[in-house]
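Subject: Structure handover

Hello,

Here is the structure I promised to pass on. Please open it alongside this message; my notes follow below.

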Amino acid sequence: MSYPRLATRIYNTPLMIEPGKAEVIEAVFRAYAEGRPDSLPAFEAKAQGAAPVPMERTDHGYSLSRGGVAVLPIHGTLVHRADGLDAMSGLIGYNRIAAQFQAAMEDPKVRGIVLEFDSHGGEVAGVFELAGQIMAASKPVYAHANESAFSAAYALAVGAEQIWIAQTGMVGSIGVLMMHVDQSQADAKKGMVYTPIYAGAHKMDFSSRAPLSDSAKSSAQAQVDRLYSIFTDHVANAQGISAQAVRDTEAGVLTPGQATDIGLANGQASLGETIQRLQDSFAASFQGYSRPSRASSERSNTMTTEKTPGQAAATEEQLTTARTDATAAATAAAEAKYPAIRT
């Protein structure tokens with residue numbers, strides 16, 4: 001295991017990850033770095049349940065439903081780049097996800113994609129580039145939190161047209177953190193004294209061999225604040241809500257109901273239901289798909305971000321009617337442009 005390389009991905013670098021998961025990762029790293037891996041609890045693999053709908057495996061890392069929906073799993077800690085060995089440690093690289101996503105875009109059998117999340121987030125580097133690729137998709141994309149889509153994972157999820165959450169799932173943790181470890185006291189107990197010789201006032205700002213200086217902490221906070229602003233603006237723009245509404249979550253994790261109420265998700269659904277929803281949305285099969293605007297998408301019909309006093313929530317019957325009307329309109333437009341096509 002390359003401890004120095006892993007340390008640079010844990011300490012003194014901005015992370016978009018749920019804090020509890022960050023603590024677990026740091027604890028595991030420290031146990032190995034200190035030569036006490038036996039102190040860690042034994043790993044127990046979870047049995048995988050049956051597929052919610054009939055799926056066909058492909059060679060590109062995603063499964064394909066009979067209705068043409070590719071299900072791309074995004075499970076584990078997200079990192080900028082990962083190889084096969086990293087994947088064995090529960091890491092998944094944005095580079096790998098991007099390659100699988102592009103393969104699905106180019107696969108003629110794929111009519112739409114469901115991104116299936118079970119991730120507490122991970123590295124900042126690379127996340128917004130991948131989110132941009134998802135938002136620019138030439139085919140419809142839905143996201144499903146099964147069970148978690150936190151921080152960087154949620155940044156990817158909002159690139160989809162719709163976000164659905166498992167009954168026991170959660171989303172959110174929209175925030176940025178950075179960890180620094182000061183091991184100078186531990187070094188002193190071992191009789192070790194480090195004397196840095198350097199040029200440039202900030203060269204040793206984040207050295208683990210000395211306490212974090214006030215100027216270094218201010219610099220780190222400024223970097224975290226800048227990335228937090230980018231993150232919250234990204235979510236606000238993608239979801240069609242205010243950046244303040246995103247900030248008001250205070251990086252908390254949200255249940256399906258909470259996320260839906262404030263405009264961060266479409267609602268609760270199983271993975272199978274999410275796949276079926278996407279299949280049902282295929283009004284016509286033709287080239288030239290155009291991503292719907294936030295104002296006209298189903299997301300706007302399934303949630304209200306700002307309710308006036310006394311305003312009643314839409315009934316299921318009204319939502320069904322709205323979805324039917326939207327599908328009919330899309331079909332009519334497609335048939336007008338492509339007369340030979342019939343659904």
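Is Glu-250 buried or exposed? Glu-250 is exposed, because its relative accessible area is 64% and the cut-off for exposed is over 50%. Bear in mind that this is a predicted model.

**Two residues with positive phi**

Glu-250 sits in the loop between α9 (243-247) and β12 (253-254). Its phi is near 55°, a positive value in a residue other than glycine.

Ser-151 also has a positive phi without being glycine; the value is near 50°. You will find Ser-151 in the loop between β9 and α6 (152-157). The surroundings are another matter. Ser-151 has 0% relative accessibility, so it counts as buried. The cut-off for buried is under 20%.

**Strand β9**

Now look at the strand itself. β9 covers residues 141-150, and Glu-147 is part of it. The peptide bond joining Asn-146 and Glu-147 is cis, with omega at about 20°.

His-144 is in β9 too. Is His-144 buried or exposed? With a relative accessible area of 1%, His-144 is buried. Its side chain makes a polar contact with the side chain of Thr-274, at 3.0 Å.

What else does His-144 touch? Leaving aside residues up to four places away in sequence, its contacts include these:

- Val-114, Leu-115, Glu-116 and Phe-117
- Trp-164, Ile-165 and Ala-166
- Ala-269, Ser-270, Leu-271 and, once again, Thr-274

**Helices α5 and α8**

Last, a helix pair. Two packed helices are described by the angle between their axes and the distance between the axes. Here α5 spans residues 127-135 and α8 spans residues 214-239. Their axes come within 12 Å and cross at roughly 10°. That angle makes α5 roughly parallel to α8, because angles under 35 degrees count as roughly parallel.

Which residues meet? From α5 come Phe-128, Ala-131 and Met-135. From α8 come Ile-230, Phe-231, His-234 and Ala-238. Six residues of this contact are nonpolar, one is polar and none is charged.

**Where to start**

Try His-144 and its polar contact with Thr-274. Then follow β9 to the cis bond between Asn-146 and Glu-147. Go on to Ser-151, in the loop between β9 and α6. Finish with α5 and α8, whose axes cross at roughly 10°.

Best wishes

Definitions and conventions: Residues are numbered from 1 along each chain as its sequence is written. This is a predicted model: local features need pLDDT of at least 70, side-chain atom pairs count only at pLDDT 80 or more; totals for chains, interfaces and linings use all residues. Side-chain values use heavy atoms; hydrogens and water are left out. Helices (H or I, at least four residues) and strands (E, at least two) are DSSP runs, numbered from the N terminus. Buried means under 20% relative accessible area, exposed over 50%, partly exposed in between (1.4 Å probe, protein chains only). Axes are lines fitted to C-alpha atoms, for helices over the stretch in contact, and angles run from 0 to 180 degrees between N-to-C directions. Angles under 35 degrees count as roughly parallel, over 145 as roughly antiparallel, 65 to 115 as roughly perpendicular and the rest as oblique. Contact means heavy atoms within 4.5 Å. Ala, Val, Leu, Ile, Met, Phe, Trp, Tyr, Cys and Pro count as nonpolar, Asp, Glu, Lys and Arg as charged, and the others, Gly among them, as polar. A polar contact is a pair of N or O atoms within 3.5 Å; within protein, one must be able to donate a hydrogen and the other to accept it, and residues adjacent in sequence count only if both atoms are side-chain atoms.
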